[in-house]
Amino acid sequence: MENLLDSIFTRKERKDFKEFVVFAANQSPQICLRNGIILLFHQYCGQHKKNNRFRQDSALFNFLKKAQELFINDEHLVMLYRYAMAKYRFYRIRQDGEYMEEISLSDYLDLRDFHALQRKTDNNHLHIDFMPFYDFSPSIRDTRTVGNGIRFLNRYMCSNIFSRPDEWNTKLFEFIKLHQHNGRQLLVNDSLIKDLNTFYHKLEKMLEWLKRKNPNAPFRSVETSMKKEGFEVGWGDTVARTSETLQTLLDLIHEPTDKLLERFISRVPMPLISKIAIISPHGWFGQTNALGKPDTGGQVIYIIDQVRALEKHLTKEIRLTGLEVKPKIVVVTRLIPEAEDTTCDQRKEKISQTDNGCILRVPFRDNHYNIVKHWISRFKIWPYLETFAEDASRELLSEFQGRPDLIIGNYSDGNLVASLLSDKFDVIQCTIAHALEKTKYAFSDLHWQDNEKDYHFSLQYTADIFSMNKSDFIITSTLQEIIGTEYTMGQYESYQFFTMPRLYQVVNGVNLFAPKFNVIPPGVDEELYFPYYQKEKRIETKWQQWENRLFHEASADIYGSLDHPDKMPIFTMARFDRIKNITGLVQAFGMSKKLQNFCNLIFAAGTIHLEDSSDSEERKEIIKAYDLIESFNLHGKLRWLPSINKLDTGEVYRIIADHKGMFVQPALFEAFGLTIIEAMASGLPTFAPKFGGPLEIIEYGVSGFLMNTSKPDLIAESLEDFVDRCQKDENFWQTISKNGIKRVRKNFNWKSYSQRMIILTKLYGFWRYAVSGKGMVELDRYCDLIYHFLLKEKAKNLETQISPE
C-alpha cells in the first residue's frame with residue numbers, strides 16, 4: 001500500500017507529523033472531534049516549544065484543521081478527513097507516525113464499531129444507503145449551489161423544456177389543466193381546450209383581445225368572455241394582471257428561463273395554496289404560559305410568527321389571482337390534559353393576530369387507546385406518533401373539509417408525522433428540522449446504547465433519515481445547517497454516513513446534492529421587536545412594570561437582588577437545559593472579577609423552584625445554578641427570573657438596551673437562534689456561539705460577536721473584552737447596536753420568507769408531477785421499509801418502558 005505521507009508532507013513536515021501522532025496516541029480521550037484535535041495540536045506545540053507562526057501556518061496545522069474525528073484503534077489512529085465541504089477521505093495512521101493509508105468508508109465504519117465495542121464484529125451489518133434511489137433526480141455538483149435547490153431545479157427543468165419543447169410544454173399544459181378548488185375548475189377548461197396546439201392558438205388570440213380592454217378593469221368584466229374560450233378564473237384579479245400572466249406563460253413556452261418559470265408559477269394557483277397544516281407534536285404548544293417550559297422555546301415562536309406571515313402573504317396572493325378564498329392554517333400539536341397553567345388542554349385555540357389560524361390539539365393515546373394525560377419529553381414520544389398521525393388526519397379532514405394543500409413538519413417528531421400525513425393525503429411535504437440532535441450530542445450515534453434510556457437516539461436518528469428522504473423539500477435557516485463551513489461539518493451533513501453499533505451502519509443517509517435543500521431564514525415580528533430608541537412605540541405601563549421586575553422587585557418567583565442596579569446588565573433567556581448552557585454563563589460570570597465589578601447578570605429560564613419542574617434535565621440545571629451562585633458568592637450581583645411571556649420579550653430587550661447592556665446566547669450549539677435576531681432588532685449588542693447558525697447572522701465585531709462557548713473562561717474572555725472596549729470608546733456600544741439593527745432589517749424578514757415558502761411549494765409541486773413522481777416511488781418504498789422494520793416496532797416496544805416524568 002502507498003504511504004500517503006510521501007505525497008502530503010516534506011521530509012521536515014513528516015517529522016512534525018510523526019511527533020504529533022506519537023503525542024496524540026499517548027493522550028486522552030481516546031476519541032475526539034475537530035475542536036479536540038486542534039486542542040491536541042496546541043498542547044503538542046506547547047510541549048515541543050513551537051512558535052506562533054508554526055501554530056498558524058505550518059503544514060501540520062493546515063492538515064489537521066480539516067480533520068473532523070480522530071480515534072485510537074489497536075496500533076493505529078483512525079482519522080476522518082474532510083478535504084472539502086461534504087467530501088471525505090478516511091485514513092489509518094500507524095501510532096509511530098511513519099505510515100498512513102487511505103481506507104474505505106466501510107472499513108472506517110467497521111473501525112468505529114470496533115472502537116465503541118472494544119471487540120471485532122462479524123461485519124454482517126445492516127447497511128442503509130439511500131443514494132441508489134436518487135437516480136431520478138439531477139445532482140448539484142457545485143457546493144456553492146447547495147441551499148438554493150429550487151434555482152438549480154428551475155434551470156434544469158428549463159433546459160429540458162428548451163431541448164425537448166413538445167414533451168415539456170405538454171407536461172406544463174397538462175399540469176395547468178389539473179387544478180381545481182372545491183370542485184371549481186381553475187385556469188383552463190379541458191372540455192373547451194383539449195390539446196396543446198389549441199391552447200397555443202387561443203392563448204395568443206386571448207392576449208390580443210385583452211389588449212383592447214381597460215387594463216384597470218376587474219377580472220369579472222372579462223370573465224364571461226374568457227370562460228367561453230376555455231379560460232377559467234385564476235389568471236389575475238384585473239385585466240392588466242391577467243394579460244401579464246398570460247404573456248409570461250407565452251414567453252415561457254417560446255424561450256424558457258428559470259426566472260420566467262418561477263415568475264409564472266408564482267402568479268397562478270397551481271396549486272392554489274389555501275390550506276396548510278403545520279405539525280409540531282412535542283412540548284407545550286400554546287400562547288399562554290408555555291414558553292420556557294421543557295421542550296418549549298424558539299420553535300413555538302417560529303411557528304406562531306410563521307403562521308401570521310403566511311396568512312398575510314396568502315391572503316394577498318390569492319386575491320391577486322382573482323379568487324375570493326380565505327387561507328386557513330392549522331398547527332397540529334399534542335393535547336395535554338394535565339396542562340398546568342397553559343391552554344394545552346384546549347382542543348382548539350385561535351392564533352392571535354390572524355383571521356383564520358388556529359392551534360388544533362390531538363391527544364396521545366397509548367396502546368390501549370387511552371389518552372395519555374401527562375407531559376412527555378420530546379425524547380420519549382416515539383411510541384405515540386403513528387396513532388397521533390392517524391387521529392390528526394381525521395381532524396384535519398374535518399377542519400379543512402378536505403385535504404390540506406401543504407404539510408410542514410417541524411423537528412424530528414413533527415417531520416415523521418408530516419411524512420405519514422403526506423403519504424396519506426398525497427400532498428407536498430416540507431421539512432424543517434430546527435435542530436438536529438446528532439451534532440448537539442457528541443458521539444451520540446456511536447454510544448447510542450449508553451444514552452438509550454434517556455434519549456432514544458436510535459429512534460430519533462432513524463426518524464430523521466426517514467423524513468429527510470421522504471420530504472419534497474427541506475427548509476433551513478442557514479447554509480451551514482446543511483453543509484457546514486470550510487472546516488466544520490453541517491447538521492444535515494452529519495447524516496451522510498454514521499454507525500450505531502449493533503443496530504446499523506449508514507452508508508448514505510441523506511443526499512446533500514439533491515436539489516431539495518433551500519435556505520430561507522426566518523424573520524422577527526417588527527411589531528414586537530423594534531429599536532429601544534423608538535420611545536413613541538413603547539407602552540409606558542409595560543416599560544415601568546418590567547424595569548421594576550428586572551432590576552428591583554422582590555417576588556416569590558424571582559431569585560436574587562442587585563446591590564448596584566446601575567451596572568451594565570448581562571442578559572440571557574432560554575430553556576433551562578444543558579445545550580442552552582445558561583449555567584455555563586453563570587460560571588463564566590462567577591469566574592470573572594472584572595465582569596462582577598462592572599456588570600450584573602440577569603437571566604430568565606424555567607423556574608427558580610425545583611419542585612415545579614417535571615423535566616429531569618431542567619432539574620439538574622436548576623441545582624447546578626444554585627450551586628454555582630453559592631460557590632462564587634454571586635449574591636447582590638445576579639437576578640434569576642422565570643421564563644418570560646413572548647409578548648413581553650421585546651420590551652425586556654429594550655429595557656436592557658436602555659441600560660446599555662448586552663444579550664448573551666451561551667448555547668453550546670445553536671442551529672439558528674431567534675433570540676439572537678430579536679435582541680439585535682431591539683438594538684441590543686449580542687453575543688452568540690460560533691458553533692452553528694449564528695455564523696451567518698452576526699458579522700463578528702461589526703453587528704455583534706461570536707464566541708467559543710465550550711468553556712466558561714472563553715465566554716468570560718469575550719464579554720470582558722467588550723466591557724473594556726465600551727469603557728475606552730464611548731461610541732462603541734452604539735456602533736454595534738446600530739449595525740445589529742441594520743443587519744436584521746436587511747436579511748431577516750417574514751415577508752420574504754413567506755413569499756419564498758409558497759413559491760417553493762408550487763415549483764416542487766410541478767417538479768413532483770413532471771419528473772420525480774415516478775422516480776420517487778422506489779425511494780418511497782425504501783423509506784417505508786426503514787419505517788416499518790427499524791422504527792415502528794422499536795417505538796412500540798419503547799411504550800412499555802415509559803412512565804410519567
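In this predicted model, strand 15 (residues 473–476) runs parallel to strand 18 (residues 517–519), and 3 bridges join the two. Within this pairing, I474 of strand 15 has F517 of strand 18 as its bridge partner. Strand 15 also pairs with strand 14 (residues 428–432), again in the parallel sense and over 3 bridges. There, I432 is the bridge partner of I475 in strand 15. Strand 15 is thus joined to strand 14 and to strand 18. Both of its faces are covered: F473 and I475 are buried on one side, and I474 and T476 are buried on the other.

A second parallel pairing involves strand 20 (residues 599–604) and strand 21 (residues 638–641), with 4 bridges between them. L601 stands opposite L638 of strand 21. The connection between these strands includes helix 23 (residues 616–631), and strand 20, helix 23 and strand 21 together make a right-handed β-α-β unit. As for strand 21 itself, L638 and W640 are buried on one side, while R639 and L641 are buried on the other, so that both faces are covered.

Further along the chain, strand 22 (residues 662–664) and strand 23 run parallel and are joined by 2 bridges. V664 stands opposite F687 in strand 23. With helix 25 (residues 674–681), strand 22 and strand 23 make another unit of the β-α-β kind, and its hand is right-handed. Strand 23 is joined as well to strand 24 (residues 705–707), by 3 bridges and in a parallel arrangement. F687, which faces V664 of strand 22, has F705 as its bridge partner in strand 24. Both faces of strand 23 (residues 686–689) are covered, with T686 and A688 buried on one side and F687 and P689 buried on the other.

Attention now turns to a helix and a loop. Helix 8 (residues 165–177) contains 13 residues and reaches 18 Å from its first C-alpha to its last, close to the 18 Å expected at 1.5 Å a residue. Its buried residues are W168, N169, L172, F173, F175, I176 and K177. An α-helix has 3.6 residues a turn, so residues three or four places apart point the same way. Among the buried residues of helix 8 are W168, L172 and F175, to which this spacing can be applied.

V188 lies in the loop between strand 8 (184–185) and helix 9 (196–210). V188 counts as buried because its relative accessibility is 0%, against a cut-off of under 20%. Leaving aside residues up to four places away in sequence, V188 touches F173, I176, K177, I193, F199, G230, E232 and W235. Of these contacts, F173, I176 and K177 are also among the buried residues of helix 8. F199 is 11 residues from V188 along the chain, and their C-alpha atoms are separated by 9.0 Å.

The protein as a whole has 28 helices and 24 strands. Its radius of gyration is 28 Å, close to the 28 Å that the globule rule gives for 805 residues, so the protein is as compact as a globular protein of that length. The C-alpha trace spans about 85 × 75 × 60 Å along its principal axes. Buried residues account for 61% of the 805. Among contacts between residues at least 6 apart in sequence, 72% join residues at least 24 apart. The exposed area is about 32500 Å², of which carbon and sulfur atoms supply 48%.

Methods. Residues are numbered from 1 along each chain as its sequence is written. This is a predicted model: local features need pLDDT of at least 70, side-chain atom pairs count only at pLDDT 80 or more; totals for chains, interfaces and linings use all residues. Side-chain values use heavy atoms; hydrogens and water are left out. The expected span of a helix is 1.5 Å times one less than its number of residues. Buried means under 20% relative accessible area, exposed over 50%, partly exposed in between (1.4 Å probe, protein chains only). Two strands pair if DSSP finds at least two bridges between them. A crossover is right-handed if, with the strands pointing away from the viewer, the path from the first strand over the helix to the second runs clockwise. The radius of gyration is taken over C-alpha atoms; the globule rule is 2.2 Å times the number of residues to the power 0.38. Contact means heavy atoms within 4.5 Å. Accessible areas come from the Shrake-Rupley method with a 1.4 Å probe; for residues, only the protein chains shown count as cover.
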